[in-house]
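User: I should like to learn how to read the features of a model of this kind. Please take them in turn, giving the general idea and then the case at hand.

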Amino acid sequence: MDNELALLARIVREVGSTLTDVDRGHLGTRLKSSRRDMVTAHDRRVQGELVERLSREFPGVGFQCEEGDDLRQTSGQRFVIDPIDGTANFVHGTGCSAVSVALVDGATPQLGVVFNPFDSELFAAGRGRGATLNGEPLPRVPDAELGDSLVCVGTSPYFPDLFAATMRLLVARAPEFNDIRRDGSAALDCCCVAAARYGLFFEMSLAPWDFAAGALVATECGARACTMGGAPLTFSDRVSVLVGAPTAVEQFLAGGDAGGER
């Protein structure tokens with residue numbers, strides 16, 4: 001399995017590195033469900049390259065991908081792929097985007113790789129074997145109190161009702177946090193919990209490709225990952241996601257109904 005993780009990390013790094021050389025004047029951007037929900041030609045290209053290479057190296061493994069309804073397997077052994085997590089960031093050139101790939105077997109992530117080519121950070125994890133950042137082992141996350149934690153939030157921008165609910169939640173709960181951040185890539189946000197940059201991350205609605213790899217990286221560093229109602233994460237449809245230091249998660253859940261199951 002270590003060899004499989006190394007191979008997966010190499011493929012993700014090689015394909016993802018091509019994103020740093022794109023012509024920013026010709027991204028091939030189009031809208032999906034709304035003005036906030038974008039896809040570029042590079043999302044489709046990166047996904048295609050990943051599917052082609054992974055099919056060759058891991059024959060018989062299926063795919064659950066963001067782009068394309070023909071690649072939406074939700075059971076069995078499959079690669080769960082977000083070719084560019086943080087597409088809006090990619091379009092606007094913020095440098096906070098990642099290629100995210102998890103190998104999920106049934107309801108259990110086995111391998112996870114999240115690579116941000118714009119700052120050359122590659123997070124990788126194997127179930128039961130810990131996590132690394134650029135090949136160096138990540139230590140266990142400190143068990144932070146909620147009041148000592150930077151809390152990173154995703155605002156569910158594709159869903160106006162959940163966006164509004166997120167704003168209400170922040171107004172009500174922000175005094176309990178050390179401060180708030182919003183980065184725009186759930187995969188990287190989970191990895192920032194793993195790296196102890198944030199004590200907590202949550203978002204009211206995410207697809208499996210948004211969090212499967214990042215949540216594995218975080219839990220392999222001792223973080224807790226669950227829904228905002230405290231239930232186990234699932235990988236067949238959209239769910240709310242809460243990832244953080246165990247004490248911070250418990251204190252967040254104890255604060256009352258966080259809502260947001262979708």
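User: To begin with the charged side chains, which side chain meets that of Glu14 in a salt bridge?

Analyst: Two conventions come first. The model is predicted, so local features need pLDDT of at least 70 and side-chain atom pairs count only at pLDDT 80 or more, while totals for chains, interfaces and linings use all residues. Residues are numbered from 1 along each chain as its sequence is written, and side-chain values use heavy atoms, with hydrogens and water left out. A salt bridge is a side-chain nitrogen of Lys or Arg within 4 Å of a carboxyl oxygen of Asp or Glu. Here the partner of Glu14 is Arg10, at 3.6 Å from N to O.

User: Why are Glu14 and Arg10 separated by about one helical turn?

Analyst: Helices (H or I, at least four residues) and strands (E, at least two) are DSSP runs, numbered from the N terminus. Glu14 and Arg10 are about one helical turn apart because they stand 4 residues from each other in helix 1 (residues 2-16). For accessibility, buried means under 20% relative accessible area, exposed over 50%, and partly exposed in between (1.4 Å probe, protein chains only). Glu14 is partly exposed at 37%, and Arg10 is partly exposed at 41%.

User: Where do Arg56 and Glu52 lie, and how many residues apart are they?

Analyst: Both belong to helix 2 (residues 41-57), 4 residues apart, which is about one turn of the helix. The side chains of Arg56 and Glu52 form a salt bridge with an N to O distance of 2.3 Å. Arg56 is partly exposed at 49% relative accessibility, and Glu52 is partly exposed at 43%.

User: How many salt bridges does the structure hold?

Analyst: There are 9 salt bridges. Another of them pairs Asp179 with Arg181 at 3.3 Å, N to O. Asp179 has a relative accessible area of 38% and is partly exposed; Arg181, at 35%, is partly exposed. Shared partners also link salt bridges into a network of Arg10, Glu14 and Arg53.

User: How should the interior be read, and which residues of the largest nonpolar core touch the most other members?

Analyst: In soluble globular proteins, nonpolar side chains tend to be buried together. A nonpolar core is a set of buried Ala, Val, Leu, Ile, Met, Phe, Trp, Tyr and Cys residues joined through side-chain atoms within 4.5 Å. The largest one has 40 residues, of which Val114, Phe201, Phe211 and Val241 touch the most other members. Among the elements that give it two or more residues are strand 5 (98-105), helix 5 (186-194), strand 12 (200-206), helix 6 (208-219) and strand 14 (239-244). Another core of 28 residues lies apart from it, with Val12, Leu54, Cys65 and Leu103 among its members. In the whole protein chain of 262 residues, 52% count as buried.

User: With which residues is Val241 in contact, leaving aside its neighbours within four places in sequence?

Analyst: Contact means heavy atoms within 4.5 Å. On that basis Val241 is in contact with Phe201, Phe202, Glu203, Leu206, Phe211, Cys226, Met228 and Leu233. For the protein chain, residues 24 or more positions apart account for 62% of the contacts with a separation of 6 or more.

User: Turning to the backbone, what is notable about phi of Ser120?

Analyst: Most residues other than glycine have a negative phi, and most peptide bonds are trans. Phi of Ser120 is near 55°, a positive value in a residue other than glycine. Ser120 sits in the loop between strand 6 and strand 7, and is partly exposed at 42%. Asn134 also has a positive phi, near 50°. Asn134 is located in the loop between strand 8 and strand 9 (136-137), and its relative accessibility of 40% makes it partly exposed.

User: Where does Pro157 lie?

Analyst: Pro157 is in the loop between strand 10 (150-153) and helix 4 (160-173). Its relative accessible area is 21%, which counts as partly exposed. Pro157 and Gly184 are 27 residues apart in sequence, and their C-alpha atoms are 9.9 Å apart in space.
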